[in-house]
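Hi everyone, thanks for making room for me today. I'd like to walk you through one structure, starting with the whole chain and then going down to single residues.

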Amino acid sequence: MVAKISSWTANKLSYVGRSQLIQTVLFGIQAYWSQLYVIPSKVLSTIEAYCRSYLWSGTNTITRKVLIVWDKVCTPKSMCGLGLLNIRQWNKVAIAKASWDIEHKAGWMVRKIFEARDTMALIQDIKTGSLIKQIYLKLISDNERITWKTLRFGNDARPKTQFTVWLHMHGRLMTVDRLSSWGINVDPICNLCNSHNETRNHVFMECPFSNKVWEGVLKWMQVPLFRTSQWELMEKWIIKTSKGKSQRAQIFKIAYTEWVHTMWIERNQRIFEKITKSHSQLMREIAYVCNIRASTRIKKLVQQLNI
């Protein structure tokens, strides 16, 4: 697994690309062996450390850089995760399934050796489908479902922008206030407006520059402007406006996701590359991407909107 990660580090992949490789290749290897052996806890910890380090840093060495705790990452999308495999739970379920097979197919002496009764009890309620998958889902069902899952499903926005929104909704984007809390000495002033300290709420709710871009996007979508200084109220409005299968809701979902990503990229370019774009340029870029990414069902309506 380390060799595969080493071969990938030469490719400059995004967070989404790395998560796909971890899910399909690395966890595929682990899932196979977990059905044959009880993998030691230390080995599982090492596997998690390499996967976590590759996702967040793109390296083949173990690092401590983490934006979202790994247990949260390894939960389904509806539970605010990325849908990656929780290898500890998967290993437990795979061995329990093997134990169940042996108990029902081997003699009484072999059956007495296995004591995985708590997990095996879940098998009794499963009649069809994959035993391992369904027990795995039962084991992780205690995780709280997120209120903003409407942004996670049926969203035609680019995968990398959805990843940015995932961090944004968790409040884990590396804004200046978070960097300062880690003891990093950085200029606290927002690079978008150059007048207030940078926080998540400021960049995406209070900053005059980002608000001007967002107001233009809302006007383009023909959605009434909503203003508030409280993140909880803003989150409720975002969920309400993007909820449902209507064409307007689908367009709003794409546009909001692309706007968050666009403002974050603009912020980073101003800091690291000294490149600045006007609010009208950013509005046109968002409208262009929405037009390209829109599904067939809503594309006609998107094309009728004038920026």
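I'll begin with the overall picture, then turn to one helix and its surroundings, and end with two loop residues.

Please keep in mind that this is a predicted model. The chain has 16 helices and 0 strands. Its C-alpha atoms fill a box of roughly 75 × 45 × 35 Å along the principal axes. Of the 307 residues, 45% are buried. About 16,500 Å² of the chain is exposed, and carbon and sulfur atoms supply 54% of that area. If you take the contacts with a separation of 6 or more, 62% of them join residues 24 or more positions apart.

Now let's look at helix 14, which runs over residues 247–272. Thr 257 belongs to this helix. Is Thr 257 buried or exposed? The relative accessibility of Thr 257 is 0%, so Thr 257 counts as buried. What does Thr 257 touch, if we set aside residues up to four places away in sequence? The answer is Asn 155, Ala 157, Thr 161, Gln 162 and Val 165. With Asn 155 there is a polar contact, side chain to side chain, at 2.9 Å.

Let's follow one of those partners, Thr 161. Thr 161 sits in helix 9, residues 159–170, and Thr 161 is buried too, with a relative accessible area of 0%. Beyond its neighbours within four places in sequence, Thr 161 is in contact with Thr 257, Glu 258 and His 261.

Helix 14 also brings us to the aromatic residues. How many aromatic pairs does the structure hold? There are 13. One of them is Phe 252 with Tyr 256: the ring centres are 6.2 Å apart and the planes are at 10°, so this pair is stacked. Phe 252 and Tyr 256 are 4 residues apart in helix 14, about one turn of the helix. Here is the general idea: an α-helix has 3.6 residues a turn, so residues three or four places apart point the same way. Both partners are buried, Phe 252 at 0% relative accessible area and Tyr 256 at 3%. They also belong to one aromatic cluster, together with Phe 204, Trp 214, Phe 226, Trp 237 and Trp 259.

Some rings have a charged partner instead. The charged end of Arg 200 sits over the ring of Trp 231, 4.0 Å from the ring centre. Arg 270 lies over the face of Phe 209, with 4.4 Å to the ring centre.

For another look at a helix, try helix 8, residues 131–139, where Leu 131, Ile 132, Ile 135 and Tyr 136 are buried. Why are these four on the same side of helix 8? They cover an arc of only 125° around the axis, and that puts them there.

Last, the loops. Most residues other than glycine have a negative phi. Cys 80 has a positive one, near 75°. Cys 80 is in the loop between helix 4 (70–73) and helix 5 (87–105), and Cys 80 is buried, at 4% relative accessible area. Asn 194 also has a positive phi, about 55°, although it is not a glycine. Asn 194 lies in the loop between helix 10 (176–181) and helix 11 (200–206). At 55% relative accessibility, though, Asn 194 counts as exposed.

That's my tour, and I'm happy to take questions!

Key: Residues are numbered from 1 along each chain as its sequence is written. This is a predicted model: local features need pLDDT of at least 70, side-chain atom pairs count only at pLDDT 80 or more; totals for chains, interfaces and linings use all residues. Side-chain values use heavy atoms; hydrogens and water are left out. Helices (H or I, at least four residues) and strands (E, at least two) are DSSP runs, numbered from the N terminus. Buried means under 20% relative accessible area, exposed over 50%, partly exposed in between (1.4 Å probe, protein chains only). Contact means heavy atoms within 4.5 Å. A polar contact is a pair of N or O atoms within 3.5 Å; within protein, one must be able to donate a hydrogen and the other to accept it, and residues adjacent in sequence count only if both atoms are side-chain atoms. Rings of Phe, Tyr and Trp (its six-membered ring) pair if their centres lie within 6.5 Å; planes under 30 degrees apart count as stacked, over 60 as edge-to-face and the rest as tilted. A charge sits over a ring if NZ of Lys or CZ of Arg is within 6 Å of the ring centre and within 35 degrees of the ring normal. Accessible areas come from the Shrake-Rupley method with a 1.4 Å probe; for residues, only the protein chains shown count as cover. The arc is that of the directions from the helix axis to the C-beta atoms.
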